[in-house]
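I opened this structure to practise reading helices, loops and contacts. These are my notes, in the order I looked things up.

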Amino acid sequence: MVAEVLVAMGTRPEAIKLAPVVLALADHASMRVRVMATGQHRELVADVLRVFGIEPDITLDVVTAGQTLSALSARILAAVESELRRCPPAWVVVQGDTTSAVMTALAAFHNGVSVAHVEAGLRTGRVDAPFPEEMNRRLLADLCCLHFAPHTRAQRNLEREGVDTGRIEVVGNTVVDAVHWILPRVDSGKFAPPAGKRLLLVTVHRRENLGPPLERVCLALRSLARRDDLHVLLPMHPNPAVASVVRDRLVGVASVQLIEALPYPDFVAAMAASSLIATDSGGVQEEALSVGRPVLVLRDVTERLEGVEVGAAEIVGTDAGAIEAAVVARLAAPGLPRLPLPEVSPYGDGQAAGRIVARLRAEVGGG
């Protein structure tokens, strides 16, 4: 008997991290995989899936202009439930900590469908940072039947919260699988900085960084741009609340290059071309280590401490002076752009998707 597995995703990071799982599931005749895009980041998800040769089986329409988190949550919950009732799967697979992930898991729970959570167990210990993702993670721990933890720290977090150890599988992070798949297919030369300069790649988008924190990040970049040995590349997040501030503060600043959000292969190429990456993204913290680049974390806390522990990441927050000082110190360190990282990234060895599928097959086989 063939068991159906529904893989749900709503944002670009989810698509990146679930694409290797979809490809691995498709290799096994005992399971039929369907891909559901919730529409939370419609075009960005479609672009990523095209890179991996994946076509969504279901695309929902849940986003309306100016909607609140609660309104988005309600629309995803209702739309996913309708799909689950129309064609019930044996398992639903969700990833990470997005509104799409938690609402899909809740709809599955309401309809008696087992849920597997990829990248389970990440915690900062603060429900407001990141917001709303930290709360989404905690809710997912109670909604899911199977927890694919990226590392032992995440496993311990889940165990402290009462999750049965037998329902936790430490598999590594699937983002490493994705980077390993993409990296040989890209040309980092297209993002080479001007002669005599080194590239600082910057991404910023988190809700808790909107307003004054984002203003401070831009202030730091304006100051850093005065250096004659640095070129700043900033792909802008499509959120108007981010892009408008970035444009207002940085358009026309010499040595700061603002570009639209990059397709994923190009973003991996830009990471490989950089000497240093500054970001408030969780996934970029993991991806950077896969291409051997140091990271400055533009947040006060991170749930991804593994990079900090091996010296490849540093939490600097959003104070303009702290950001500038950290960039200057990192650029002065010997060994850039490559870092003396462990042979295997602390975030995984690129084989996470295979481990996930093996456990799902065992669950299906066991009824």
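**Entry 1: helix 7**

I began with helix 7, which is mostly covered, with 7 of its 9 residues buried. I am working with a predicted model. I listed the buried residues: T174, V175, V176, D177, A178, V179 and I182. Buried here means under 20% relative accessible area.

What covers these residues? I found that the cover includes helix 1 (12–26), helix 2 (42–51), strand 5 (114–118), helix 10, helix 11 (282–290) and helix 14 (352–365).

**Entry 2: helix 7 against helix 10**

I picked one of those partners, helix 10. How do the axes of helix 7 and helix 10 cross? I read off that helix 7 (residues 174–182) and helix 10 (residues 264–273) have axes that come within 10 Å and cross at roughly 90 degrees. Angles of 65 to 115 degrees count as roughly perpendicular. Helix 7 and helix 10 are therefore roughly perpendicular to each other.

Next I looked up which residues meet. From helix 7 I noted V175, A178, V179 and I182. From helix 10 I noted Y264, P265 and V268. I sorted the residues of this contact by class and got 7 nonpolar, no polar and no charged.

I also checked D266, which sits in helix 10. Leaving aside neighbours within four places in sequence, D266 is in contact with K190 and F191. I then took the C-alpha separation of D266 and A322. They are 56 residues apart along the chain and 29 Å apart in space.

**Entry 3: the loop between strand 5 and helix 5**

I moved to the loop that joins strand 5 to helix 5 (133–143). I started with a general reminder: most residues other than glycine have a negative phi, and most peptide bonds are trans.

Which peptide bonds did I find to be cis here? The bond from A129 to P130 is cis, with omega near -5 degrees. The bond from F131 to P132 is cis too, with omega near 5 degrees. P130 is in this loop, and P132 lies there as well.

E119 is also in the loop between strand 5 and helix 5. Its phi is near 70 degrees, a positive value in a residue other than glycine. Is E119 buried or exposed? I read a relative accessibility of 7%, so E119 counts as buried.

I looked for another positive phi and noted S255, with a value near 75 degrees. S255 is in the loop between helix 9 (240–250) and strand 10 (256–260).

**Entry 4: the cavity**

How many cavities of 30 Å³ or more does the structure hold? I counted 1. The largest cavity has a volume of about 30 Å³. Its lining is G96, D97, E119, G121, L122 and R137. E119 therefore appears in my notes twice, as a buried residue and as part of this lining. By class I got 1 nonpolar, 2 polar and 3 charged residues in the lining.

**Entry 5: three residues looked up one by one**

I took L199 to begin with. It is in strand 8 (residues 198–203). L199 has a relative accessible area of 2%, so it is buried. Leaving aside neighbours within four places in sequence, I found L199 in contact with F191, P193, H231, L233, A270, A273, S274, S275 and L276. F191 is a contact of D266 as well. L199 and L230 are 31 residues apart in sequence and 6.1 Å apart in space, C-alpha to C-alpha.

Then I took V316, in the loop between strand 13 (313–315) and helix 13 (320–332). Its relative accessibility is 13%, so V316 counts as buried. Not counting residues up to four places away in sequence, V316 touches L296, V297, L298, R299, A322, I323 and A326. I put the C-alpha atoms of V316 and V295 at 9.9 Å, with their positions 21 residues apart along the chain.

I ended with R216, in helix 8 (residues 212–224). How much of R216 is accessible? Its relative accessible area is 32%, so R216 is partly exposed. Beyond neighbours within four places in sequence, R216 is in contact with T318, D319 and A320. R216 and R85 are 131 residues apart in sequence and 47 Å apart in space, C-alpha to C-alpha.

Technical notes
Residues are numbered from 1 along each chain as its sequence is written. This is a predicted model: local features need pLDDT of at least 70, side-chain atom pairs count only at pLDDT 80 or more; totals for chains, interfaces and linings use all residues. Side-chain values use heavy atoms; hydrogens and water are left out. Axes are lines fitted to C-alpha atoms, for helices over the stretch in contact, and angles run from 0 to 180 degrees between N-to-C directions. Helices (H or I, at least four residues) and strands (E, at least two) are DSSP runs, numbered from the N terminus. Angles under 35 degrees count as roughly parallel, over 145 as roughly antiparallel, 65 to 115 as roughly perpendicular and the rest as oblique. Contact means heavy atoms within 4.5 Å. Ala, Val, Leu, Ile, Met, Phe, Trp, Tyr, Cys and Pro count as nonpolar, Asp, Glu, Lys and Arg as charged, and the others, Gly among them, as polar. On a 1 Å grid over the protein atoms alone, a cavity is a set of points where a 1.4 Å probe fits but cannot get out, and a pocket is an open set with protein on both sides within 12 Å along at least five of seven lines; lining residues have an atom within 4 Å of a point. Grid points are joined across faces, edges and corners, and a volume is the space filled by probe spheres set on the points. Buried means under 20% relative accessible area, exposed over 50%, partly exposed in between (1.4 Å probe, protein chains only).
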